[in-house]
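Subject: Structure handover

Hello,

Here is the structure you were expecting. Please load it first, then read the notes below alongside it.

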Amino acid sequence: MRHEVEVAGTKLVLVQGDITQQDVEAIVNAANPDLTPGGGVSGAIHRAGGPAVTEAAAQIRRERGPLPTGDAVITPGGKLPARWVIHTVGPVWRGGTHGEPELLARAYRSCLKLARTRGIRSLAFPSISTGVYGYPVAEAARVALQTVRAYLVAHPGAFGEVRFVLFSPRDFQTYAAVV
Ligand code: ADP
């Protein structure tokens with residue numbers, strides 16, 4: 001399953017699949033504030049990337065303390081096909097009235113900004129916050145796609161491709177209905 005549109009000269013691509021297998025310069029991790037492997041997409045990324053990812057993340061945690069929600073940091077990709085992993089922390093869903101949409105948008109923007117300032121031209125996102133953090137997928141998809149679109153329009157030519165990698169066919173359909 002694949003869906004592609006163009007936004008201000010950048011390919012915006014939706015695929016169903018596993019983010020650890022993507023051939024992009026950087027993949028995004030839906031991390032926890034302590035930057036530990038944990039479960040979900042984070043566990044998968046740390047497992048596939050190996051100790052180079054986990055140790056670099058632990059070093060950042062020691063130096064900077066817990067990562068605030070909406071911020072992003074970067075580590076090498078270790079054994080992943082992607083050269084870099086950008087770790088961000090999405091909001092935990094608490095009913096939608098605790099600033100969740102703005103915090104989720106900020107998480108996407110922080111990743112895009114970090115990638116752009118590093119000269120990274122292709123980037124893959126998972127569906128941040130919609131697993132353990134409980135954000136409803138349709139609402140998260142609207143925020144994610146709106147935020148990425150607005151960023152690409154504001155920074156034309158910064159990226160060749162921004163990809164969303166949806167783990168389940170159902171999530172893919174939800175994102176595809178919104179894009
Ligand atoms: P959060 O804590 O931000 O909710 P999760 O890892 O629990 O993060 O879930 C985020 C999304 O990542 C979910 O949609 C989940 O199905 C998905 N996911 C889990 N493993 C992978 C993977 N290997 N590739 C892409 N997405 C994944």
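Among contacts between residues at least 6 apart in sequence, 69% join residues at least 24 apart. Please keep in mind that this is a predicted model.

**Overall fold**

The protein has five helices and seven strands. Along the sequence they follow the pattern β-β-β-α-α-β-β-α-β-α-β-α. The radius of gyration is 15 Å, close to the 16 Å that the globule rule gives for 179 residues, so the protein is as compact as a globular protein of that length. The C-alpha trace spans about 40 × 35 × 30 Å along its principal axes.

**Surface and charge**

Of the 179 residues, 47% count as buried. The accessible surface comes to about 8,100 Å². Carbon and sulfur atoms account for 52% of that surface. There are 19 positive and 14 negative side chains. The centres of the two sets lie 3 Å apart.

**Strand S7 and its partners**

Start with S7, residues 161-166. Six of its six residues are buried, so the strand is largely enclosed by the rest of the structure. Which residues point which way? Glu161, Arg163 and Val165 point to one side of S7. Val162, Phe164 and Leu166 point the other way. Both sets are buried, and note that Glu161 and Arg163 are among them.

S7 pairs with two strands that I checked. With strand S2 (residues 10-16), the pairing is parallel and runs over six bridges. Here leucine 14 stands opposite phenylalanine 164 of S7. With S6, the pairing is also parallel, over four bridges. In that case alanine 124 has arginine 163 of S7 as its bridge partner.

**Strands S4 and S5**

This pair runs antiparallel. Five bridges join S4 to S5, which covers residues 84-88. One of the partnerships links threonine 75 to valine 85 in S5. S4 itself (residues 72-76) is mostly covered, with four of its five residues buried.

**Two residues with positive phi**

Most residues other than glycine have a negative phi. Two exceptions are worth a look.

Leucine 35 has a positive phi of about 60 degrees, although it is not a glycine. It sits in the loop between strand S3 (26-30) and helix H1 (40-49). Is leucine 35 buried or exposed? Its relative accessible area is 4%, so leucine 35 counts as buried.

Serine 129 has a positive phi of about 75 degrees, and it is not a glycine either. Its place is the loop between strand S6 (122-125) and helix H4 (137-154). With a relative accessible area of 5%, serine 129 is buried.

**Threonine 174**

Threonine 174 belongs to helix H5, residues 169-178. Its relative accessible area is 22%, and the cut-off for buried is under 20%, so threonine 174 counts as partly exposed. Which residues does threonine 174 contact, leaving aside its neighbours within four places in sequence? They are Val137, Ala138 and Ala141. Helix H4 covers residues 137-154, so those three contacts can be found there on screen.

For a long-range reference, take threonine 174 and proline 33. They are 141 residues apart along the chain. Their C-alpha atoms are separated by 27 Å.

Best regards

Conventions
Residues numbered from 1 in each chain as written. Predicted model: local features only at pLDDT ≥ 70, side-chain atom pairs only at ≥ 80, totals over all residues. Heavy atoms only, no water. Rg over C-alpha atoms; globule rule 2.2 N^0.38 Å. Buried < 20%, exposed > 50% of the residue type's maximum accessible area, 1.4 Å probe, protein only. Contact = heavy atoms within 4.5 Å. Areas by Shrake-Rupley, 256 points an atom, 1.4 Å probe, with all protein chains shown as cover. Lys, Arg positive; Asp, Glu negative; His and termini not counted. Charge placed at Lys NZ, Arg CZ, Asp CG, Glu CD. Pairing = 2+ DSSP bridges.
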